[in-house]
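Q: Hello! I have a protein model open and would like to learn how to read it. Could you take me through some of its features, step by step?

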Amino acid sequence: MSAQRILVVDDEVNARRAIATILGEEGYEVAEASNGEEGLARLADFSPAAVLTDVRMPKMDGLTFLAKAREQGSDATFIVMTAFASVETAVEAMRAGAENYLVKPLDANAVLVVLGKALEKRALKRETETLREQVRQRTRFHNIIGEAPQLQAIYDVVRRAATTRATVLILGESGTGKELIAQAIHQESQRRDKPFIKVHCAALSENLLESELFGHEKGAFTGALARKEGRFELADGGTLFLDEIGEISPSVQVKLLRVLQQREFERVGGTQSLKVDVRIVAATHRDLTAEVKAGRFREDLYYRLNVVAVTLPALRERKSDIPALVNHFLEKYSDSYGKDVRGLAPGTLQALLSYDWPGNIRELENAIERAVVLAAGNELTTDDLPPVLRGPRPTGSSPSSLIPGASLAQIEREAILRTLEMVHGSTTRAAEILGISVRKVQYRLKEYSAATDGKPAPPPSPEEENSESEAVSE
């Protein structure tokens, strides 16, 4: 490991060199500067981990030097040195962003201890930031939160399909995040710098939808006072997301099929054929195969749309992602409403896990927003949740009340749930801390939700059975 770099800034030559010598003997790589201006110049080329700077210096004092260093983006840890052992000087230095301060004349041991602790704190901070970023990367894919196996498989399909121009059909219940998947496909593709245009097909009448998709010429119908470009033209070179494609009328289906087959169309009331280069991503909560059999959806259009199919799981099928989603929405709405709500009281996570969420992620988000608005303290309680989510109150007031007298299963349950809260819902990070497998954490969450519902726990998969046997052997 390379030696950590320390910059010593002091206008007193003898004091500066003495500190540099002490630090050099301890294995640090040291650079010197005689004032704040020289210190700023050395920051860029030396990139120190820490800076020891005197407060009172000519040309630029230590506190001004610290302020300008921060303006330039330096993340070095600052320790100020002063011969004036006043509380005011110390407070001013700490407010300016110094980690600590030393009083002259300096004691060599004190310098090494203060510097060592400052560097250790800096290292821990960087490690924490790295871990947070790793958790964020594991649990988020283009703002899609979740690390359940079903989602990981979907992420893989999205990455592979996005680089092509193939049409993608996204299936799933309302509120499962179909639009986010469509955006992810666009962002992963070479079209990411081109438009991403959305059309909610169910929100528009047949005539209005046709005009929105293909545009219209002036005078094409009553109220058409000027030519209007449609969404296909606006999305040229990019991606067009057709949400709730199962709601479009037969006549619009015919015109959409032509665009998919020939890559051309006419505006409503027009005769000129227009060609566009558009990638189509469609989504629906309907079972299109059943719609085809019932004669409500064209079979040829279905196959044109269903080149690559992505089926999003309902939230009840991936409850292991609920802790991460809850923490995301908790942070989002705490900031939005200016409230300091940063955690869940005992029993709250269990109540959220026990519910089946027929409205999926959208319903969960609404529930957390409501709870944040109503929260009286800095933790969400079951009383803050919608009435449909409120279950029996937790039997213990704190994790410590479980011991002694609790079963190992009860202690394990509390450890898993509280650890998940601490790591913002990441089952991967919780498993690392608890020393168990990710699949075991996910299986336990299924057990806890099933037990609260009064339902038998779902049978474990072969992988979960293996994780159970591993836990027993431990």
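Q: Let me begin with one residue. In which strand does threonine 77 lie?
A: Good place to begin, and please keep in mind that this is a predicted model. Threonine 77 belongs to strand S4, which covers residues 77-82.

Q: Is threonine 77 buried or exposed?
A: To decide, look at the relative accessible area and compare it with a cut-off: a residue under 20% counts as buried. Threonine 77 has a value of 10%, so it is buried.

Q: Which residues is threonine 77 in contact with, leaving aside its neighbours within four places in sequence?
A: With those neighbours set aside, the contacts of threonine 77 are Ala49, Ala50, Val51, Glu99, Ala118 and Arg122. You can also follow the chain to leucine 115: it is 38 residues away from threonine 77 along the chain, while their C-alpha atoms are separated by 9.2 Å.

Q: What share of the contacts in the whole protein comes from residues 24 or more positions apart?
A: Taking the contacts with a separation of 6 or more, residues 24 or more positions apart account for 68%. For the wider picture, the protein has 474 residues, and 45% of them count as buried. Its secondary structure consists of 19 helices and 18 strands.

Q: Now for a charged residue. Where is the place of glutamate 264, and is this residue buried or exposed?
A: You will find glutamate 264 in strand S13, residues 264-265. Apply the cut-off again: the relative accessible area of glutamate 264 is 14%, and because this is under 20%, the residue is buried.

Q: Which side chains are joined to that of glutamate 264 by a polar contact of 3.0 Å?
A: One is the side chain of lysine 275, with a polar contact of 3.0 Å. Another is the side chain of arginine 258, also joined to glutamate 264 by a polar contact of 3.0 Å. Beyond the neighbours within four places in sequence, glutamate 264 is in contact with Arg258, Val259, Ser273, Leu274 and Lys275. As for phenylalanine 232, it is 32 residues from glutamate 264 along the chain, with 9.6 Å between the C-alpha atoms.

Q: And serine 437: where is its place?
A: Serine 437 sits in the loop between helix H17 (427-434) and helix H18 (438-453). Its relative accessible area is 23%, so serine 437 is partly exposed. A polar atom of its side chain lies 3.1 Å from the backbone nitrogen of lysine 440. Serine 437 is also 9.2 Å from threonine 427, C-alpha to C-alpha, with their positions 10 residues apart in sequence.

Q: How are two packed helices described?
A: By two values: the angle between their axes and the distance between the axes. Let us try this on helix H13 (residues 322-336) and helix H15 (residues 360-374), which pack at about 45 degrees with their axes 9 Å apart. That angle makes H13 oblique to H15. The crossing of H13 past H15 is right-handed.

Q: Which residues of H13 and H15 meet?
A: On the H13 side they are Leu325, Val326, Phe329, Leu330, Lys332, Tyr333 and Ser334, and on the H15 side Ile361, Leu364, Glu365, Ile368, Glu369 and Val372. Sorted by class, this contact has nine nonpolar, one polar and three charged residues.

Q: At what angle do helix H6 and helix H7 pack?
A: Helix H6 (residues 149-162) and helix H7 (residues 178-188) pack at about 45 degrees, with their axes 8 Å apart. H6 and H7 are therefore oblique to each other, and H6 passes H7 in a right-handed crossing. Here Ile154, Val158, Arg159 and Ala162 of H6 meet Ile181, Ala184, Ile185 and Glu188 of H7. By class, the contact of H6 with H7 has six nonpolar, no polar and two charged residues.

Methods
Residues are numbered from 1 along each chain as its sequence is written. This is a predicted model: local features need pLDDT of at least 70, side-chain atom pairs count only at pLDDT 80 or more; totals for chains, interfaces and linings use all residues. Side-chain values use heavy atoms; hydrogens and water are left out. Helices (H or I, at least four residues) and strands (E, at least two) are DSSP runs, numbered from the N terminus. Buried means under 20% relative accessible area, exposed over 50%, partly exposed in between (1.4 Å probe, protein chains only). A polar contact is a pair of N or O atoms within 3.5 Å; within protein, one must be able to donate a hydrogen and the other to accept it, and residues adjacent in sequence count only if both atoms are side-chain atoms. Axes are lines fitted to C-alpha atoms, for helices over the stretch in contact, and angles run from 0 to 180 degrees between N-to-C directions. Angles under 35 degrees count as roughly parallel, over 145 as roughly antiparallel, 65 to 115 as roughly perpendicular and the rest as oblique. A crossing is left-handed if the near helix is turned anticlockwise from the far one by less than a right angle, and right-handed if clockwise. Contact means heavy atoms within 4.5 Å. Ala, Val, Leu, Ile, Met, Phe, Trp, Tyr, Cys and Pro count as nonpolar, Asp, Glu, Lys and Arg as charged, and the others, Gly among them, as polar.
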